[in-house]
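Work through the exercises below with the model open beside the text. Try each task before reading its solution.

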Amino acid sequence: MSSKAVFLDRDGVINVDINYAHTPEQITFIDGIFDFCSSAKAMGYKLIVITNQAGIGRGFYTEETFHALMDWMFAQFAENNVPLDAYYFCPHHPEYGVGEYKQDCNCRKPKPGMIIQAAGQWDIDLAQSILIGDKQSDIAAAIAAGMPNYILFEGQFPILESH
Ligand SMILES: [Mg+2]
């Protein structure tokens with residue numbers, strides 16, 4: 001049986017977006033994120049982070065630094081009894097990427113690549129899933145992936161309804 005997921009943008013949804021955060025000291029969790037994820041999990045949603053990380057491609061920080069931060073972040077969620085399931089990231093930038101990172105890829109939102117990849121790897125039914133992001137490019141990625149359910153986050157997490 002396929003599963004359903006809440007796709008979470010990271011910067012601006014999970015943590016306050018300060019542009020190119022890459023260390024734990026730079027992370028302030030957004031109020032309500034743990035409770036929201038906890039309710040989603042209780043309703044059977046997987047929790048999958050999808051995040052553009054052009055800071056890698058631009059040479060501001062490395063993939064290794066990014067993964068270390070995600071490990072730390074996953075540990076914080078686990079400590080709050082709401083383990084995240086996975087994360088997907090795009091390190092590219094079509095103009096400002098350095099070397100191999102300069103790519104007009106299919107993973108950078110508003111493209112749907114990360115959502116499609118996650119759906120394939122986790123057998124996720126996108127029709128039953130929800131995306132929450134703080135930018136129009138997040139919403140555009142959801143639409144491009146064919147998702148009917150998406151929320152532009154403006155500071156209040158939604159109350160999820162069971163279907
Ligand atoms: Mg964002």
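The exercises go from the overall fold to single residues, and the model is a predicted one.

**Exercise 1. Overall fold**

Task: Count the helices and strands of the protein, and give their pattern along the sequence.

Solution:
- Step 1. The protein has five helices and five strands.
- Step 2. From start to end, the pattern reads β-α-β-α-α-β-α-β-α-β.
- Step 3. Along the principal axes, the C-alpha atoms occupy a box of roughly 45 × 35 × 30 Å.
- Step 4. A compact globule of 163 residues would have a radius of gyration near 15 Å; the protein has 15 Å, so the two agree.
- Step 5. Take contacts between residues at least 6 apart in sequence: 66% of them join residues at least 24 apart.

**Exercise 2. The sheet**

Task: Work out the strand order of the sheet, and say which strands lie at its edges.

Solution:
- Step 1. The five strands form an open sheet with the order E3-E2-E1-E4-E5, and the pairing is parallel.
- Step 2. Strand E3 (86-90) and E5 each pair on one side only, and these are the edge strands.
- Step 3. Direction ignored, neighbouring strands are turned by 20° against each other on average.
- Step 4. Inspect the pair E1 and E2: five bridges join these parallel strands. Leu8 has Val49 in E2 as its bridge partner.
- Step 5. Now inspect E4 and E5, also parallel: three bridges join them. Here Gly133 stands opposite Leu152 in E5.

**Exercise 3. Helices on the sheet**

Task: Find the strands that H4 lies across. Do the same for H5. Then decide where the buried residues of H5 sit around its axis.

Solution:
- Step 1. H4 lies across E1, E2 and E3, and runs at about 150° to E3.
- Step 2. H5 lies across E4 and E5, at about 160° to E4.
- Step 3. The buried residues of H5 are Asp138, Ile139, Ala141 and Ala142.
- Step 4. Those four cover an arc of only 155° around the axis, so they lie on the same side of H5. The general rule behind this is that an α-helix has 3.6 residues a turn, so residues three or four places apart point the same way.
- Step 5. Their cover includes H4, E4 and strand E5 (150-152).
- Step 6. After H5 comes Gly146, with a positive phi near 85°.

**Exercise 4. The nonpolar core**

Task: Name the residues with the most contacts inside the largest nonpolar core, and find the element that gives the most to this core.

Solution:
- Step 1. The largest nonpolar core has 33 residues; Val6, Phe7, Leu8, Leu47, Ile48 and Ile115 have the most contacts inside it.
- Step 2. Elements that each supply at least two core residues include strand E1 (4-8), helix H1 (33-42), strand E2 (45-52) and helix H4 (113-122).
- Step 3. E2 gives the most, five residues. E2 is also mostly covered, with seven of its eight residues buried.
- Step 4. Look at Phe7. Neighbours within four places in sequence aside, Phe7 contacts Ile48, Ile50, Ile115, Ser129 and Leu131.
- Step 5. For context, nonpolar side chains tend to be buried together in soluble globular proteins.

**Exercise 5. Ala5**

Task: Is Ala5 buried or exposed? Which residues does Ala5 touch?

Solution:
- Step 1. Ala5 belongs to strand E1.
- Step 2. The cut-off for burial is 20 or more other C-beta atoms within 10 Å. Ala5 has 25 such neighbours inside 10 Å, so Ala5 counts as buried.
- Step 3. Residues up to four places away in sequence are not counted; Ala5 then touches Tyr45, Lys46, Ile48, Trp122, Ile124 and Ser129.
- Step 4. Take Ile48 from that list. Ala5 and Ile48 are 43 residues apart in sequence, yet 6.8 Å apart from C-alpha to C-alpha.

**Exercise 6. Backbone details in the loops**

Task: Locate the cis peptide bond that involves Pro110. Then describe phi and exposure for Asn81 and Asp123.

Solution:
- Step 1. The cis bond joins Lys109 and Pro110, with omega about 20°. Pro110 lies in the loop between E3 and H4.
- Step 2. Asn81 is not a glycine, but its phi is positive, about 60°. Asn81 sits in the loop between helix H3 (63-79) and E3.
- Step 3. Asn81 has 10 other C-beta atoms within 10 Å, so Asn81 is exposed.
- Step 4. Asp123, in the loop between H4 and E4, has a positive phi near 50°.
- Step 5. Asp123 has 10 C-beta neighbours inside 10 Å and therefore counts as exposed.

Note on methods:
Residues numbered from 1 in each chain as written. Predicted model: local features only at pLDDT ≥ 70, side-chain atom pairs only at ≥ 80, totals over all residues. Core = buried A, V, L, I, M, F, W, Y, C linked by C-beta atoms within 7 Å. Buried ≥ 20, exposed ≤ 12 C-beta atoms within 10 Å, placed from the backbone. Contact = placed C-beta atoms within 7 Å. Arc of directions from axis to C-beta. Rg over C-alpha atoms; globule rule 2.2 N^0.38 Å. Pairing = 2+ DSSP bridges. Axes fitted to C-alpha atoms, helices over the stretch in contact; angles between N-to-C directions.
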